[in-house]
Amino acid sequence: MLHHLRLGDLSAAVTSVGAELRSLRRGDDKYLWQGSGADCGTEPQGLGSAALQFPHVGRLREDGFAHAGRFYALPPHGIAGSSQFRLIERAAHSLTLTLRADSHTRECYPFDFELRVTFTLRSDGLVVDYRVRNRGLERMAFSLGSQASLALPLRPGEGLADWMVGFDCAEAPEVYRLDGRLLGSLPQPFEFKPRQSVQLGSQQFVAGGLVFKNINSRRLDLLHRRHGRRLALHTGAAPHLCLWSRPGAEFVTIAPWYGVDDDAQTPLELLAKPAAILLPAGRAFVAGYRIELG
């Protein structure tokens, strides 16, 4: 089911499957890419343009994890993206969807959780808020990933190379890439060029997405080389980031992550995964991001 929000000339559409943003517009200007498969990997994985990844970001070793003496198979990117969320709150310019643990989710993730996602239109764009609550009696481990596949309005003769993503802080000159189906264990040298920016282009993503760990930046600007800023994405202080596109594409995916893909050395035990969030019983974790237009 699609839920629609409107504020002046701004509009958004959200689907209850996956609590996913499907459209963000100002008048006739479309800010969200309308395709599918915008995954931060070497090949499209069928994710939507703004898919939510929970309770794990990306791929797991052995396609699952161990917990309390048992192995659980978990699909890449987790279960949220294919789950039916329930609408629990609706206001003039916002709505909240929720997903709670049930017999189906416990087959691949044994914790008693509630995941709430709130979408709020503002005069300058959209805010997406997440709240993960541990409703169980034991410590819960998870990771959480956002993404926004942003449309690039290409004029005749233009391509990806006419666009760049600017970081608001200096970052370490290194990047992680996929090594086979998992994330590489060691970083590779990376040059931010121009300064504090990633130049998009046909060769930048040949080997898949660019994963930056432990970033300093809290704001990323989508910039055209001649026309300047199209929008800013505020990461909400997410520690990790993935950028991805593909040759000839008319989008770039910006994905703030609380967690990353496993690498070949990541422990199978869920509670021992170094990027996992460990949430005590009865506690809640809050996060989110904001898209600022113009």
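**Notes on the predicted model**

1. Let's start with one residue pair: Val14 has Leu21 of β3 as its bridge partner. That pair belongs to a predicted model, so please read everything below with this in mind.

2. Zooming out from that pair, strand β2 covers residues 10–15 and strand β3 covers residues 20–26. The two run antiparallel, with six bridges joining them.

3. What is the strand order in the open sheet that holds β2 and β3? The order is β1-β2-β3-β4, four strands with antiparallel pairing. At the edges sit β1 (2–7) and β4 (29–30), each of which pairs on one side only.

4. On to the packing. The largest nonpolar core has 77 residues, and the members that touch the most others are Phe119, Phe142 and Phe212. Set apart from this core is another one, of nine residues, with Tyr176, Leu178, Cys242 and Trp257 among them.

5. Phe119 deserves a closer look. Leaving aside residues up to four places away in sequence, Phe119 touches Val14 and Leu21, the bridge partners from my opening point. Its other contacts include Leu5 and Ala19, then His93, Ser94, Leu95 and Leu97, and also Leu126, Val127 and Val128.

6. Now the backbone oddities. Most peptide bonds are trans, and most residues other than glycine have a negative phi. Here are the places I'd look at with that in mind.

7. Which peptide bond leading into Pro55 is cis? It is the one from Phe54, with omega near 5°. Pro55 itself is in the loop between β4 and β5 (64–67).

8. That loop between β4 and β5 also holds Asp63. Asp63 is not a glycine, yet its phi is positive, near 60°. Is Asp63 buried, partly exposed or exposed? With a relative accessible area of 40%, Asp63 comes out as partly exposed.

9. A cis peptide bond also links Lys193 to Pro194, and here omega is about 0°. To find Pro194, go to the loop between β18 (188–189) and β19 (197–199).

10. Lastly, look at Asn214, in the loop between β20 (210–212) and β21 (219–224). Asn214 is not a glycine either, but it has a positive phi of about 50°. Asn214 counts as exposed because its relative accessibility is 57%, and the cut-off for exposed is over 50%.

Methods
Residues numbered from 1 in each chain as written. Predicted model: local features only at pLDDT ≥ 70, side-chain atom pairs only at ≥ 80, totals over all residues. Heavy atoms only, no water. Pairing = 2+ DSSP bridges. Core = buried A, V, L, I, M, F, W, Y, C linked by side-chain atoms within 4.5 Å. Buried < 20%, exposed > 50% of the residue type's maximum accessible area, 1.4 Å probe, protein only. Contact = heavy atoms within 4.5 Å.
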